[in-house]
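Biologist: I should like to learn how to read a structural model feature by feature. Could we go through one together?

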Amino acid sequence: MQPASSNVSQLARELGISRALLQVHLRKLESAGLVSSTLELSEDGKAMKYYEVVPFALNLTPGSLIALAETITIATDEEAGQAQGES
């Protein structure tokens with residue numbers, strides 16, 4: 001089964017965010033190997049970039065969950081307040 005692909009304009013409309021913001025996120029996801037893109041020309045000659053999710057599997061084991069849990073940090077009240085002020 002082929003994954004569905006969408007162009008940036010279509011995705012931005014569906015998500016209710018700007019194309020520029022969506023492109024920032026898609027570039028990060030692509031650099032992480034989570035999405036792939038292709039460039040196609042529409043019938044009217046416009047370049048359209050299409051993205052699709054790259055299939056992947058996540059194997060969770062007790063050991064991997066323990067290792068992940070050890071990386072979690074809890075922000076102090078001051079740090080949490082600073083993070084909220086930045087957003």
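Biologist: Does Arg27 count as buried, partly exposed or exposed, and why?

Modeller: This is a predicted model, and the values are computed from it. Burial is judged by relative accessible area, with buried meaning under 20% and exposed over 50%. At 48% relative accessibility, Arg27 therefore falls in the partly exposed class. Arg27 is a residue of helix H2. Its C-alpha atom is separated by 9.4 Å from that of Ser37, a residue 10 positions away along the chain.

Biologist: Which elements does the protein contain, and in what order do they run?

Modeller: From the N terminus on, the order is β-α-α-β-β-α-α. The protein thus holds four helices and three strands. Of its 87 residues, 10% count as buried. Among contacts with a separation of 6 or more, 27% join residues 24 or more positions apart.

Biologist: How are the strands arranged in the sheet, and with which sense of pairing?

Modeller: The three strands form an open sheet with the order S1-S3-S2 and antiparallel pairing. Strand S1 (6-7) and strand S2 (35-41) are at the edges with a single partner strand each, so one side of each has no neighbour in the sheet.

Biologist: How many bridges join S2 and S3?

Modeller: S2 and strand S3 (residues 47-53) are paired over seven bridges in the antiparallel sense. Individual pairs can be followed along the two strands. Val35 has Val53 in S3 as its bridge partner, Ser36 stands opposite Glu52 in S3, and Glu40 has Met48 in S3 as its bridge partner. S2 and S3 form a hairpin with five residues between them, and Gly45 in the turn has a positive phi of about 90°.

Biologist: Over how many bridges do S1 and S3 pair?

Modeller: S1 and S3 pair over two bridges, again in the antiparallel sense. Here Ser6 stands opposite Tyr51 in S3.

Biologist: How should one read the sides of a helix, and which residues of H1 are buried?

Modeller: An α-helix has 3.6 residues a turn, so residues three or four places apart point the same way. In H1, the buried residues are Val8, Leu11 and Ala12. They cover an arc of only 100° around the axis, which means that they are on the same side of H1. The exposed residues Arg13 and Glu14 are carried on the face of H1 turned away from its buried side. H1 is followed by Gly16, which has a positive phi near 75°.

Biologist: Against which elements do the buried residues of H1 pack?

Modeller: They pack against S1, H2 and S3. Val8 gives a detailed view: leaving aside neighbours within four places in sequence, Val8 is in contact with Arg19, Leu22, Gln23, Leu26, Lys49 and Tyr51.

Biologist: How does one describe the packing of two helices, and at what angle do H1 and H2 pack?

Modeller: Two packed helices are described by the angle between their axes and the distance between the axes. For H1 and H2 the angle is about 110°, and the axes are 9 Å apart. That angle makes H1 roughly perpendicular to H2. From H1, the contact is made by Val8, Ser9, Leu11, Ala12 and Leu15, and from H2 by Arg19, Leu22, Gln23 and Leu26.

Biologist: Where does H2 lie with respect to the strands?

Modeller: Helix H2 (residues 19-31) lies across S2 and S3, and runs at about 120° to S2.

Biologist: Which residues make up the largest nonpolar core?

Modeller: A nonpolar core is a set of buried residues of nonpolar type joined through side-chain atoms within 4.5 Å. The largest one here has seven residues in all: Val8, Leu11, Ala12, Leu22, Leu26, Val35 and Tyr51. Helix H1 (8-15) and H2 each supply at least two residues of this core. H1 gives the largest share, three residues.

How values were computed
Residues numbered from 1 in each chain as written. Predicted model: local features only at pLDDT ≥ 70, side-chain atom pairs only at ≥ 80, totals over all residues. Heavy atoms only, no water. Pairing = 2+ DSSP bridges. Contact = heavy atoms within 4.5 Å. Axes fitted to C-alpha atoms, helices over the stretch in contact; angles between N-to-C directions. Buried < 20%, exposed > 50% of the residue type's maximum accessible area, 1.4 Å probe, protein only. Arc of directions from axis to C-beta. Parallel < 35°, antiparallel > 145°, perpendicular 65-115°, else oblique.
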